[in-house]
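User: I want to go through the labels used for this structure. For each one, show me the value and the cut-off behind it.
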Amino acid sequence: MIAVTGATGKLGRLVIASLLQRIPANEIVAAVRNPGKAAELAAQGVTIREADYTRPATLEAAFAGIDKLLLISSSEIGQRVQHHRNVIDAARRAGVKLFVYTSLLHADTSQINLAEEHRQTEAAILASGLPYVILRNGWYTENYEDTVRSAVQNGVLVGSAGDGRISSASRADYAEAAAVVLTSEGHEGKVYELAGDEAWTMDDLAREISRQVGRDIPYRNVDPGEYASLLIRSGIPEAYARMIADWDVAIAAGSLFDDGRQLSALIQRPTTPMARTVEAWLKQNR
């Protein structure tokens with residue numbers, strides 16, 4: 001049996017969809033905080049089990065009889081380490097035979113402020129003695145959907161990433177990689193640096209938006225403090241706005257660039273180009 005935590009989230013649903021193309025539904029467990037949100041998965045024959053990162057008793061019950069477990073990192077920034085430790089401990093007690101974790105690209109060296117919780121989680125996995133695979137996911141191109149829509153509306157793309165190169169891929173690409181690892185052999189003990197085949201800059205993104213909408217939308221690089229202020233004025237909470245601006249500083253320093261092509265090697269096809277993902281968003285607005 002294969003279990004996926006966070007299975008009703010954006011990544012989790014895509015992992016389940018990819019697993020369903022590879023193995024029977026009755027071999028898949030969707031481990032979710034709110035089973036009521038998993039009716040669509042249950043209708044496909046997937047087993048639904050309650051698994052709340054904050055309630056260890058639910059985790060151990062959810063992982064009973066599970067051979068391979070995918071821990072999709074918690075969305076609660078600042079609380080992730082404890083959430084993940086609860087999952088790791090429950091998996092160890094349940095006798096899980098392979099523990100797979102979605103980490104961050106180059107988590108060991110990344111300057112992105114999200115990396116520290118991933119570093120601590122990776123250390124806890126290694127200390128647990130569980131057989132493991134670490135999937136260090138790069139940026140999802142989907143992270144820029146709101147940014148692109150705002151640029152089209154305002155006629156300018158704004159950020160603080162400078163000439164930093166972003167090796168993004170679609171969320172579905174990363175989901176497929178997880179499904180491959182969960183349904184094939186030879187991955188135990190490996191750390192995969194997963195990123196898109198084609199790296200791009202914010203200038204490249206602005207040019208692509210301009211090409212697709214048929215008018216010039218330039219990229220304006222601003223000081224991180226100014227960028228955070230602009231985000232706050234647009235309605236984004238201050239703490240999150242400053243975090244986004246900090247991400248751009250790390251991007252400018254190269255934290256989201258990778259040219260190893262381990263993602264496309266795992267899924268045995270090219271990763272989804274940024275332009276194709278942007279096209280899908282813009283078509284929705286037409």
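**Labels and the values behind them**

Analyst: α6 and α8 are oblique to each other. Note that this is a predicted model.

User: Why are α6 and α8 called oblique?

Analyst: They pack at an angle of about 60°, with axes 11 Å apart. Roughly parallel needs under 35 degrees, and roughly perpendicular starts at 65. The angle falls in neither range, so the pair is oblique. The crossing of α6 past α8 is right-handed.

User: What makes the contact of α6 with α8 nonpolar by class?

Analyst: Val-148, Ala-151 and Val-152 of α6 meet Leu-205, Ile-209 and Val-213 of α8. Ala, Val, Leu and Ile count as nonpolar. The tally is therefore 6 nonpolar, no polar and no charged residues.

User: How do you know that α6 and α12 are oblique?

Analyst: Their angle is about 55°, and their axes lie 10 Å apart. Oblique covers angles between the limits of 35 and 65 degrees, so the label fits. This crossing is right-handed.

User: Which residues make the contact of α6 with α12?

Analyst: From α6 come Glu-145, Val-148, Arg-149 and Val-152; from α12 come Val-278, Trp-281, Leu-282 and Gln-284. They divide into 5 nonpolar, 1 polar and 2 charged.

User: Why is Ser-74 called buried?

Analyst: Its relative accessibility is 1%. Buried means under 20%, so Ser-74 qualifies. Ser-74 sits in the loop between β4 and α4.

User: What makes the pairing of Ser-74 with His-83 a polar contact?

Analyst: Their side chains come to 2.9 Å. The cut-off is within 3.5 Å, so the pair counts. Ser-74 also touches Tyr-53, Arg-80 and His-84.

How values were computed
Residues numbered from 1 in each chain as written. Predicted model: local features only at pLDDT ≥ 70, side-chain atom pairs only at ≥ 80, totals over all residues. Heavy atoms only, no water. Helix = DSSP H or I, 4+ residues; strand = E, 2+ residues; numbered from the N terminus. Buried < 20%, exposed > 50% of the residue type's maximum accessible area, 1.4 Å probe, protein only. Polar contact = N/O pair within 3.5 Å; in protein donor to acceptor, adjacent residues only side chain to side chain. Contact = heavy atoms within 4.5 Å. Axes fitted to C-alpha atoms, helices over the stretch in contact; angles between N-to-C directions. Parallel < 35°, antiparallel > 145°, perpendicular 65-115°, else oblique. Left-handed = near helix turned anticlockwise from the far one by under 90°. Lists of a residue's contacts leave out its neighbours within four places in sequence.
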